[in-house]
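Please open the model in your viewer and keep the selection panel at hand, as the stops below are given in the order in which they can be selected.

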Amino acid sequence: MKQRRRKEILHELGLTPIWRSRADSILNEGAPMTIPVDQSIPVATATAPENDDRAARIARMDWVQLEAAVACCTACPLCQSRTRTVFGVGDEQADWLFIGEGPGAKEDEIGEPFVGQAGKLLDNMLKSIQLRRGDRVYITNIVKCRPPNNRNPEPSEAEQCHPYLARQIVLIKPKLIVALGKIAAQNLLHTSESIANLRGKLHRYSDIPLIVTYHPAYLLRSLSDKAKAWEDLCFAKATMQSLLVQ
């Protein structure tokens with residue numbers, strides 16, 4: 001009686017034994033041994049925990065979870081020298097998304113992108129096309145931690161940070177992305193082309209139109225290219241106007 005009840009419990013738990021008891025073996029001595037398998041119970045591979053890698057987890061995060069994940073991220077060596085992570089700032093439902101390469105010293109100290117001299121120039125660039133920080137505009141970077149000595153982010157560092165940026169883009173749903181500088185453009189477009197070849201064209205990140213211009217820090221060193229940056233901004237403004245009437 002106890003043995004029967006034990007079998008019933010095992011069956012209810014989905015643990016139907018696949019062995020034969022000694023009594024069963026004696027009763028069927030001489031007969032070929034068979035293994036009773038309940039076909040209604042899924043095989044082990046079907047009940048194994050689903051593959052839940054880092055990118056998949058990040059792709060399910062909301063804003064609060066995403067910012068918290070960035071703040072404690074240790075996925076690449078940049079975490080070892082940072083003061084603060086630089087998540088991004090602005091309108092979380094922005095039409096315009098501006099993406100730079102990485103935080104500088106001032107950004108690392110404060111935790112906000114584009115707050116030094118390059119940030120002041122970016123604010124002036126926005127103002128020139130009737131935009132301002134936080135109003136229909138979101139600003140972030142390819143990497144969320146400052147590379148030592150303001151060097152360019154390594155491809156491996158950008159790769160580790162990309163799931164965060166990709167999730168930000170999905171949450172924002174911008175109408176237009178403006179890549180600020182060569183590093184941002186090359187990472188977003190998966191290309192090694194020069195910024196000279198990338199400017200003046202309408203690219204796409206997924207299904208989102210993308211325009212390339214110079215990084216404000218570069219323009220501080222190369223004043224002669226400000227006129228070209230102005231052309232890019234006018235192109236971006238005209239593109240946005242066409243997108244808004246569609």
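Begin by selecting N149, which is exposed, with a relative accessible area of 74%, in a model that is predicted. Because the cut-off for exposed is over 50% relative accessible area, the 74% of N149 places this residue in that class. Follow the backbone on either side and you will find that N149 belongs to the loop between β3 and α8. If your viewer reports backbone angles, look at phi of N149, which is positive at about 60 degrees although the residue is not a glycine.

Next, select Q130, which is found in the loop between α7 (117-128) and β3 (137-141). Is Q130 buried or exposed? Its relative accessibility is 55%, and therefore Q130 counts as exposed. Here too the backbone angle deserves a look, since phi of Q130 is near 60 degrees, a positive value in a residue other than glycine.

From these loops, turn to the pockets. Rolling a probe the size of a water molecule over the atoms shows where empty space is left.

For the second largest pocket, select P155, A158, E159, Q186 and N187, which lie nearest its centre among the 13 residues of the lining. The space in this second largest pocket comes to about 270 Å³. Now colour α8 (155-172) and α9, each of which supplies at least two residues of the lining; α8 gives the most, with 5 residues. If you then colour the lining of the second largest pocket by residue class, you should find 7 nonpolar, 4 polar and 2 charged residues.

Keep α9 (182-189) selected as you move on, for this helix also supplies at least two residues of the lining of the largest pocket, as do α6 (105-110) and α11 (216-221). How much space lies in the largest pocket? The volume is about 450 Å³. To centre the view there, select E101, H215, A217, Y218 and R221, which are the closest to the centre of the largest pocket out of the 23 residues that line it. Which helix provides the largest share of this lining? It is α11, from which 3 residues come.

As a last step, apply the residue-class colouring to the lining of the largest pocket, where 11 residues are nonpolar, 7 are polar and 5 are charged.

Terms used:
Residues are numbered from 1 along each chain as its sequence is written. This is a predicted model: local features need pLDDT of at least 70, side-chain atom pairs count only at pLDDT 80 or more; totals for chains, interfaces and linings use all residues. Side-chain values use heavy atoms; hydrogens and water are left out. On a 1 Å grid over the protein atoms alone, a cavity is a set of points where a 1.4 Å probe fits but cannot get out, and a pocket is an open set with protein on both sides within 12 Å along at least five of seven lines; lining residues have an atom within 4 Å of a point. Grid points are joined across faces, edges and corners, and a volume is the space filled by probe spheres set on the points. Helices (H or I, at least four residues) and strands (E, at least two) are DSSP runs, numbered from the N terminus. Ala, Val, Leu, Ile, Met, Phe, Trp, Tyr, Cys and Pro count as nonpolar, Asp, Glu, Lys and Arg as charged, and the others, Gly among them, as polar. Buried means under 20% relative accessible area, exposed over 50%, partly exposed in between (1.4 Å probe, protein chains only).
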